[in-house]
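Me: I would like to go through this structure by asking, for each label, what justifies it.

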Amino acid sequence: MSGIDSLPPLREVIATHGLSARKSLGQNFLLDLNLTAKIARAAGELGGADVLEVGPGPGGLTRGLLAEGARKVLAVEKDARCLPALQQIAGAYPGRLEVLQGDALEVDPLAHLSPPIKVVANLPYNVGTELLVRWLTPRTWPPVWQSLTLMFQKEVAQRIVAQPGGKAYGRLAVLAQWRCEVRVVMELPPEAFTPPPKVRSAVVHLTALPEPRYPADAGTLSKVVAAAFNQRRKMLRSSLKGLSPHIETLLENAGIAPTSRAEEIPVENFCALARQLAS
Ligand code: SAM
């Protein structure tokens, strides 16, 4: 018996179903159920919420989410080898776990859930940033989800919470902090995973604000920050010149010196520039 449910220990699950970790799928599993319960708790109160989990693997975090009281968990997993282990969990929590086999980049799992919705995941490193950007940039706000509690490589977590002026500040910080409250809630050493990755990991908790901090069109802002940080050492008047023939004037109207560099510019001014470009 494990600490939090009547299912077999995860090491046994992995052995029974032959779940040797595949690097191509970003598989670094969490096998300590106390730890997965802690991550589930970092998502806040789960009772009464639907949870989307991307990449459940053998189901350690899934078990934590169910044991912590999630109303329903929808788990989207690309690796078909994991399905029997996940079905076993579904059997232990009747009617509360739905497993969807597929690529989280191809399906729209949020459409299967009812609010309030929380997203909780130990994300595969190769698709984590792409998924985060999609969750952050729907056209309208607030989004269908209430919060995102996501495990990333520590370096990515630092980029999400970074402030202007530092090396980690970039597209992710602007898009995340524009519309969310963000904080790093936990750090984990490589040994917490099987197999251990090369780097440390961290869990970031993002809470959707009722409305963005500053008005801007999500598509325009995304374009601005992509261009600005693509050539981060260049002055903004040259990295952004492709966006408008009048970029110097627009930068000045947005309170940005045309000779400044992207990493010095606060979220507020990027939003002002996006408004200038859209008007
Ligand atoms: N949640 C499990 C845990 O914490 O032990 C596994 C986490 S592991 C870092 C990432 C998981 O995402 C793997 O199970 C992998 O098969 C799955 N995965 C990788 N790419 C995926 C994709 N595009 N869509 C859905 N799942 C994916």
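The turns below take the ligand and its surroundings, then a salt bridge, then two peptide bonds, in a model that is predicted.

Me: What makes Leu-30 a polar contact of the ligand?
Reply: A backbone N or O atom of Leu-30 lies 2.8 Å from an oxygen atom of the ligand, and because a polar contact is a pair of N or O atoms within 3.5 Å, the pair qualifies. Leu-30 is also among the residues that come nearest to the ligand, together with Gly-55, Glu-77, Asp-103 and Asn-122, out of 20 residues around it.

Me: Why do Pro-56 and Gly-57 count as polar contacts too?
Reply: A polar backbone atom of Pro-56 is 3.4 Å from a nitrogen atom of the ligand, and a polar backbone atom of Gly-57 is 3.4 Å from an oxygen atom of the ligand; the cut-off is 3.5 Å, so both pairs are counted. As for burial, the ligand taken alone exposes 600 Å², of which the protein buries 99%.

Me: Where does the ligand sit, and which elements give two or more residues to the shell around it?
Reply: The ligand sits in the largest pocket, and the elements that contribute two or more residues to its shell are β1 (29-30) and β3 (72-77). By class, that shell holds 8 nonpolar, 7 polar and 5 charged residues.

Me: Why is the pair of Glu-98 and Lys-72 called a salt bridge?
Reply: The closest N and O atoms of Glu-98 and Lys-72 are 3.1 Å apart, and since the rule asks for a side-chain nitrogen of Lys or Arg within 4 Å of a carboxyl oxygen of Asp or Glu, the pair meets it. Glu-98 belongs to strand β4 (residues 97-101) and Lys-72 to strand β3, so that the pair links distant parts of the chain, 26 residues apart. By this rule the count comes to 13 salt bridges.

Me: Which omega values go with the cis peptide bonds that lead into Pro-116 and Pro-142?
Reply: The bond from Pro-115 to Pro-116 is cis with omega near -5°, and Pro-116 is found in the loop between β4 and β5 (117-122). The bond from Trp-141 to Pro-142 is cis with omega near 5°, and Pro-142 has its place in the loop between α5 (125-136) and β6 (145-153).

Conventions: Residues are numbered from 1 along each chain as its sequence is written. This is a predicted model: local features need pLDDT of at least 70, side-chain atom pairs count only at pLDDT 80 or more; totals for chains, interfaces and linings use all residues. Side-chain values use heavy atoms; hydrogens and water are left out. A residue is near a molecule or strand if one of its heavy atoms lies within 4 Å of it. A polar contact is a pair of N or O atoms within 3.5 Å; within protein, one must be able to donate a hydrogen and the other to accept it, and residues adjacent in sequence count only if both atoms are side-chain atoms. Accessible areas come from the Shrake-Rupley method with a 1.4 Å probe; for residues, only the protein chains shown count as cover. On a 1 Å grid over the protein atoms alone, a cavity is a set of points where a 1.4 Å probe fits but cannot get out, and a pocket is an open set with protein on both sides within 12 Å along at least five of seven lines; lining residues have an atom within 4 Å of a point. A molecule sits in a cavity or pocket if more than half of its atoms lie within 2 Å of its grid points. Helices (H or I, at least four residues) and strands (E, at least two) are DSSP runs, numbered from the N terminus. Ala, Val, Leu, Ile, Met, Phe, Trp, Tyr, Cys and Pro count as nonpolar, Asp, Glu, Lys and Arg as charged, and the others, Gly among them, as polar.
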